[in-house]
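Visitor: I should like to learn how to read a structure of this kind. May we look at it together, one feature at a time?

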Amino acid sequence: MTITVGVLALQGAFYEHIQLLKKAADQAPPSEWQFIEVRTPQELSTCDGLVLPGGESTTMSLVAARSNLLEPLRDFVK
């Protein structure tokens, strides 16, 4: 079974987050891990978990709204 963890890639250091997650997964018990950048509702729908890098929340919500990702993010959190 593959576990897909997305990193919200709207702003901030999302690349660094993915690299650190990959490094951590190498230390974990054997599992199939996949880490992806999330910019669209379709990418979000493939995720089992989501990392939200730090950033200015107002900017993130504006970019998410323009990307049609705000409502899917709210649904994902529920």
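**Reading the model**

Guide: Let us begin with one residue: Phe35 is buried, its relative accessible area being 14%. Please keep in mind throughout that this is a predicted model.

Visitor: Why does Phe35 count as buried?

Guide: A residue is called buried when its relative accessible area is under 20%. Phe35, with 14%, is therefore buried.

Visitor: Which residue stands opposite Phe35 in the neighbouring strand?

Guide: Phe35 belongs to β2, and Val5 stands opposite it. Strand β1, residues 2-8, is joined to β2 by seven bridges, and the two run parallel.

Visitor: In what order do the strands of the sheet lie?

Guide: The sheet is open and has three strands in the order β2-β1-β3, paired in parallel. Because β2 (32-38) and β3 (49-51) each have a single partner strand, they stand at the edges, and one side of each is left without a neighbour in the sheet. On average, neighbouring strands are turned by 25° against each other, direction ignored.

Visitor: Which strands does helix α1 lie across?

Guide: Helix α1, made of residues 14-27, lies across β1, β2 and β3. Relative to β2, helix α1 runs at about 175°.

Visitor: Is Thr4 buried or exposed?

Guide: Thr4 is a residue of strand β1. Its relative accessibility is 8%, so Thr4 counts as buried.

Visitor: Which residues does Thr4 touch, leaving aside those up to four places away in sequence?

Guide: Thr4 touches Gln34, Ile36, Thr46, Cys47, Asp48 and Gly49.

Visitor: How many aromatic pairs does the structure hold?

Guide: There is one aromatic pair. It is formed by Trp33 and Phe35, whose ring centres are 6.0 Å apart and whose planes meet at 5°, so the pair is stacked. For such a pair, planes under 30 degrees apart count as stacked. As to exposure, Trp33 is partly exposed at 36% relative accessibility, whereas Phe35 is buried.

Visitor: What is the sign of phi in most residues other than glycine?

Guide: Most residues other than glycine have a negative phi. In this model, Asn68 has a positive value, with phi near 55°.

Visitor: Where does Asn68 lie?

Guide: Asn68 is found in the loop between α3 (57-66) and α4 (70-77). With a relative accessible area of 58%, Asn68 is exposed, since the word applies to values over 50%.

Terms used:
Residues numbered from 1 in each chain as written. Predicted model: local features only at pLDDT ≥ 70, side-chain atom pairs only at ≥ 80, totals over all residues. Heavy atoms only, no water. Pairing = 2+ DSSP bridges. Helix = DSSP H or I, 4+ residues; strand = E, 2+ residues; numbered from the N terminus. Axes fitted to C-alpha atoms, helices over the stretch in contact; angles between N-to-C directions. Contact = heavy atoms within 4.5 Å. Buried < 20%, exposed > 50% of the residue type's maximum accessible area, 1.4 Å probe, protein only. Phe/Tyr/Trp six-rings, centres within 6.5 Å; stacked < 30°, edge-to-face > 60°.
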